Amino acid sequence: MQFNPVPKPAHKRRAPKRKEQGRIKPQTYSKVFERDNGQCILCGRGDSLQCHHSTYRSQGGKGTEDNLVMLCVSCHELAHSSKVVRYRIGEYLRNLYPKHDGP
C-alpha cells in the first residue's frame, strides 16, 4: 500500500480560528482605555481595570471598540452576575455607538 499525503494549501486561513475570535488587540485595548478615560465606567475607579465584552465571546462577541468597556475587578464580577449592570453597560455603548446591538 502506498501512502500519498495531501499537501497543505499555500493560502492563509481566511476566517480566524474560533479561539482567536473576540480576542482584544493591544491597539483596541488602548483605544477603549482612552475612550473610557482610564477608569471604570460604572464606579469611576482607575486601578485594576479589565476590558469587558458586552456581548460575550461565547455568544459571538467581537473584540471591537463597540463591544468593549473598561471595568474594575469588582464591577467586572458584577457584570457577569447582574442583568441590571449588563443593561447599564449596553446603554452606555448604545449612547456611544447608536447601531450597537448588545445586551
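The protein exposes about 7,700 Å², of which carbon and sulfur atoms supply 53% (Shrake-Rupley method, 1.4 Å probe; for residues, only the protein chains shown count as cover). The model is a predicted one, in which local features need pLDDT of at least 70 and side-chain atom pairs count only at pLDDT 80 or more, while totals for chains, interfaces and linings use all residues. Residues are numbered from 1 along each chain as its sequence is written, and side-chain values use heavy atoms, with hydrogens and water left out.

Confidence comes first. The average pLDDT (the predictor's confidence in each residue, from 0 to 100) is 87 for the protein, and 86% of the residues score at least 70. Three helices and two strands are present (DSSP runs, H or I of at least four residues for helices and E of at least two for strands, numbered from the N terminus). Along the sequence they follow the pattern α-β-β-α-α. Among these elements, mean pLDDT is lowest in H3, at 94, and highest in S2, at 96.

Of the 103 residues, 31% are buried (under 20% relative accessible area; exposed means over 50%, and partly exposed in between, with a 1.4 Å probe and protein chains only). Contacts (heavy atoms within 4.5 Å) often span long stretches of sequence: among those between residues at least 6 apart, 60% join residues at least 24 apart.

We turn next to the interior. The largest nonpolar core (buried Ala, Val, Leu, Ile, Met, Phe, Trp, Tyr and Cys residues joined through side-chain atoms within 4.5 Å) has 14 residues, and Cys40, Leu71 and Ile89 have the most contacts inside it. At least two residues of this core come from each of strand S1 (49-53), strand S2 (68-72), helix H2 (73-79) and helix H3 (83-96). S2 supplies the largest share, five residues. Such a grouping fits a broader tendency: in soluble globular proteins, nonpolar side chains tend to be buried together. Leaving out residues up to four places away in sequence, Ile89 touches Ile41, His52, Ser54, Val69, Leu71 and Ala79.

Helix H1 has two contrasting sides. Thr28, Val32 and Arg35 are buried in H1. These three residues lie on the same side of H1, because they cover an arc of only 60 degrees around the axis (taken from the directions from the helix axis to the C-beta atoms). The buried residues of H1 pack against S1, S2 and H3, whereas Pro26, Gln27 and Glu34 are exposed on the other side of the helix. Just after H1, Asn37 adopts a positive phi of about 60 degrees.

H1 also carries an aromatic feature. The structure holds one aromatic pair (Phe, Tyr or Trp rings, the six-membered one for Trp, with centres within 6.5 Å; stacked under 30 degrees between planes, edge-to-face over 60, tilted for the rest). Tyr29 and Phe33 form this pair, which is stacked, at 6.5 Å centre to centre and 20 degrees between the planes. Both residues lie in H1 (residues 26-35), four residues apart, or about one turn of the helix. Tyr29 is partly exposed, at a relative accessible area of 30%, and Phe33 is also partly exposed, at 35%.

Leu49, in strand S1, meets this pair. With a relative accessible area of 16%, Leu49 is buried. Apart from neighbours within four places in sequence, Leu49 contacts Tyr29, Phe33, Gly38, Gln39, Cys40, Met70, Leu71 and Cys72. Leu49 and Phe33 are 16 residues apart in sequence, and their C-alpha atoms are 9.0 Å apart in space.
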